[in-house]
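Visitor: Please show me how the labels on a structure are earned. I would like a reason for each one.

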Amino acid sequence: MDIVKTVADMQARSRRIRNEGKTIAFVPTMGFLHQGHMSLLDAGRNRANDLVLSIFVNPTQFAPGEDLDAYPKSVARDLAMAEERGVDAVFLPTPEQMYPEHYQTYVTLDTLPHFLCGLSRPTHFRGVATVVTKLFNIVMPHTAIFGEKDFQQLAVIRRMVLDLNMDIEIVGAPIVREEDGLAMSSRNSYLTAGQRRSALCLYKALQNAKKLVMDGERESATITRSSTEIIVSHPETAIDYLTICDPATLESVSRIEGPALFAMAVKVGNTRLIDNMILEP
């Protein structure tokens, strides 16, 4: 497994792989890998000759006061997991490699970032779109795989790739959950034992919404009100948002007439967790 630390070396490797007529699948991550990331790597392995993983905690998608400095890291463990999964190369840049002195160029979208997580993290998706664009230009993949747990991120990247005519296939991979339903996340490591139990409220709220829709409920307000009651009944929880929206535009819908995204962000203690589910009437 190649471990590549500079932009120039990664670009040179990618050009060589492409010149050999091989295809590249790419999984960008911020590290502290878990089984959700492994599912992305498996999807990439099935789609290309060469599998590339990046590990980079991107500073431009964190606002002041967020958990940039505390974000969990375990590079040696990540590399061992990547090698075991058959990764061909890991791109491991420093912030200085990605954002050298006098850096001043950013990628922004007009509409999609202004819903869901973007309401409480207004600069987040500018950082996401910028770093993903840079990584695409460095790794030069044919295919890139992202998890559907970060549904808004996936929507932003798909829109960006379409709008900027990037010749890259974007693949969304299903949410991977713990046995009790909690969506896998690197941030789950922040939770105390008690908070871990409370965190199950997100999945319980999603399952409750699914049952209500299956039983015939169509009013978004009724579903979100019932789900809110479930979440606030658990200790140390604070709702950032609960929204039922159009999966394509992320605009809220008052009534479920077709497939709708039920998305949420909830703080459990100081840890902000996200989850979502498509509700099918």
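Visitor: Why are helix 9 and helix 10 called roughly antiparallel?
Guide: This is a predicted model. In it, helix 9 (residues 201-214) packs against helix 10 at an angle of about 150°. Angles over 145 degrees count as roughly antiparallel, so helix 9 and helix 10 earn that label. Their axes lie 9 Å apart, and helix 9 passes helix 10 in a right-handed crossing.

Visitor: Which residues make the contact between helix 9 and helix 10?
Guide: Helix 9 brings Cys 201, Lys 204, Ala 205, Asn 208, Ala 209, Leu 212 and Val 213. Helix 10 brings Ile 223, Ser 226, Ser 227, Ile 230 and Ile 231. By class, that contact holds eight nonpolar residues, three polar and one charged.

Visitor: What makes helix 6 oblique to helix 7?
Guide: Again, look at the angle. Helix 6 (residues 124-139) meets helix 7 (residues 151-163) at about 55°, and their axes are 10 Å apart. Roughly parallel needs an angle under 35 degrees, and roughly perpendicular runs from 65 to 115. The angle of about 55° fits neither, so helix 6 is oblique to helix 7. The crossing of helix 6 over helix 7 is right-handed.

Visitor: Which residues of helix 6 and helix 7 touch?
Guide: From helix 6 come Phe 125, Val 128, Ala 129, Val 132, Thr 133 and Phe 136. From helix 7 come Gln 152, Gln 153, Val 156, Ile 157, Met 160 and Val 161. This contact has nine nonpolar residues, three polar and no charged ones.

Visitor: Gln 153 sits in helix 7. How do you know whether it is buried or exposed?
Guide: Check its relative accessible area, which is 17%. Buried means under 20%, so Gln 153 is buried. Leaving aside neighbours within four places in sequence, Gln 153 is in contact with Phe 125, Val 128 and Phe 146.

Visitor: Now the sheet. Why do strand 7 and strand 9 count as edges?
Guide: Three strands form this open sheet, in the order 7-8-9, with antiparallel pairing. Strand 7 (237-245) and strand 9 (271-279) each have a single partner strand, so one side of each is left without a neighbour in the sheet. On average, neighbouring strands here are turned by 10° against each other, direction ignored.

Visitor: How do you know that strand 7 pairs with strand 8?
Guide: Count the bridges. Pairing needs at least two, and strand 7 shares eight with strand 8 (residues 260-268), in the antiparallel sense. Ile 239 stands opposite Val 266 of strand 8. Cys 245 has Leu 261 of strand 8 as its bridge partner.

Visitor: What packs on this sheet?
Guide: Helix 10 (residues 220-232) does, touching strand 7 and strand 8. Its direction makes about 160° with that of strand 7.

Visitor: How many bridges link strand 8 and strand 9?
Guide: Nine, in the antiparallel sense. Ala 265 stands opposite Ile 274 of strand 9. Strand 8 and strand 9 form a hairpin, with two residues between them. In the turn, Gly 269 has a positive phi of about 65°.

Visitor: Last one. Why is strand 8 called largely enclosed?
Guide: Eight of its nine residues are buried, so strand 8 is largely enclosed by the rest of the structure.

Methods:
Residues are numbered from 1 along each chain as its sequence is written. This is a predicted model: local features need pLDDT of at least 70, side-chain atom pairs count only at pLDDT 80 or more; totals for chains, interfaces and linings use all residues. Side-chain values use heavy atoms; hydrogens and water are left out. Axes are lines fitted to C-alpha atoms, for helices over the stretch in contact, and angles run from 0 to 180 degrees between N-to-C directions. Helices (H or I, at least four residues) and strands (E, at least two) are DSSP runs, numbered from the N terminus. A crossing is left-handed if the near helix is turned anticlockwise from the far one by less than a right angle, and right-handed if clockwise. Contact means heavy atoms within 4.5 Å. Ala, Val, Leu, Ile, Met, Phe, Trp, Tyr, Cys and Pro count as nonpolar, Asp, Glu, Lys and Arg as charged, and the others, Gly among them, as polar. Buried means under 20% relative accessible area, exposed over 50%, partly exposed in between (1.4 Å probe, protein chains only).
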